[in-house]
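Subject: Structure handover

Hello,

Here is the structure I promised to pass on. Please open it alongside this note, and read my findings below.

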Amino acid sequence: MPDRTFVMVKPDGVQRGLVGEIVSRLEAKGLKLVAARFEKLPEQRVTEHYKEHLSKPFFPSMKEYIMSGPVFLMVWEGRNVAAIVRKVVGSTNPQEAAPGTIRGDFGIDIGRNVIHAADSPESAAREIGIHFKTTEVFDYKRID
Ligand code: CMP
């Protein structure tokens, strides 16, 4: 099975018209988009996705924000893709994210930080399983 990761453009990224820019950056990096869906997430999947943060003080406001509008869910494929995407995305806190990264270029607020990317291959497998059926993930040859 090829390396895969899960990426989500959050409601602020969608509302600011950054979906195309984000997809372009990941495509230009040489990664392959193998699944994508635009959706307003139900509460149960937000809770499942962010279950490690359930007890954090920011969880209720984060849940409200993630459910406040549609998100753009994606699966990306490529060697070491989880680590590569985290580098392209930048630090969780946009104020610490380096210029040239997605959060460094487009984010200001840790709560509204434009994008989520799985932090490891294990997290990626779990998150892909929450949001996508296996029939929604496509296999095709990318031509470079
Ligand atoms: P994400 O990569 O989606 O994973 C967990 C999220 O929790 C993170 O991005 C932030 O958006 C959010 N988060 C982490 N720390 C804080 C915080 N102190 N206040 C608000 N949101 C936070």
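How much of the chain over residues 2–139 is helix, how much is strand, and how far apart are the end C-alpha atoms? Helix makes up 40% and strand 17%. The end C-alpha atoms lie 10 Å apart. Please keep in mind that this is a predicted model. I picked that range from UniProt, where an unreviewed entry lists residues 2–139 as "domain: Nucleoside diphosphate kinase-like".

Strands

Start with β1. Six of its six residues are buried, so β1 is largely enclosed by the rest of the structure. Arg4, Phe6 and Met8 point one way from the strand. Thr5, Val7 and Val9 point the other way. Side chains in a regular strand alternate between the two faces of the sheet.

Which strands pair with β1? β3 is one of them: the two run antiparallel and are joined by six bridges. β4 also pairs with β1 in the antiparallel sense, over three bridges. Val9 shows both pairings. Its bridge partner in β3 is Phe72, and its bridge partner in β4 is Ile115. Further along the β1–β3 pairing, Thr5 has Trp76 as its bridge partner in β3.

Now β3. Seven of its seven residues are buried. Val71, Leu73, Val75 and Glu77 sit on one side. Phe72, Met74 and Trp76 sit on the other. Both faces are covered. β3 also runs antiparallel to β2, with seven bridges joining the two. In that pairing, Lys32 stands opposite Glu77.

Core

The largest nonpolar core has 30 residues. Which of them touch the most other members? They are Val7, Trp76, Val85 and Ile115. The elements giving two or more residues to this core are β1 (4–9), α2 (19–28), β2 (32–39), β3 (71–77), α5 (81–89), β4 (115–117) and α7 (121–131). β3 gives the largest share, six residues.

Trp76 deserves a look on screen. Leave aside its neighbours within four places in sequence. Trp76 is then in contact with Arg4, Thr5 and Val7. Its other contacts are Leu26, Leu31, Lys32, Leu33, Val34, Val81 and Val85. Two of the residues named for the core, Val7 and Val85, appear among these contacts.

Ligand and His116

Which residues are around the ligand? They are His53, Phe58, Met62, Thr92, Ile110, Gly111, Asn113 and His116. Three residues of this shell are nonpolar and five are polar. None is charged.

His116 is the one to find next. An unreviewed UniProt entry places the feature "active site" at His116. The residue is found in strand β4. Is His116 buried or exposed? It is buried, because 20 other C-beta atoms lie within 10 Å, and 20 or more is the cut-off for that label. Not counting residues up to four places away in sequence, His116 touches Val7, Met8 and Lys10. Val7 and Met8 belong to β1 and point opposite ways from that strand.

To view all this, begin at β1, which is bridged to both β3 and β4. Then go on to His116 in β4, one of the residues around the ligand.

Best wishes

Terms used:
Residues numbered from 1 in each chain as written. Predicted model: local features only at pLDDT ≥ 70, side-chain atom pairs only at ≥ 80, totals over all residues. Core = buried A, V, L, I, M, F, W, Y, C linked by C-beta atoms within 7 Å. Buried ≥ 20, exposed ≤ 12 C-beta atoms within 10 Å, placed from the backbone. Helix = DSSP H or I, 4+ residues; strand = E, 2+ residues; numbered from the N terminus. Contact = placed C-beta atoms within 7 Å. Near = placed C-beta within 6 Å. Nonpolar A, V, L, I, M, F, W, Y, C, P; charged D, E, K, R; others polar. Pairing = 2+ DSSP bridges. UniProt positions renumbered as here; feature names shortened; annotations may be inferred.
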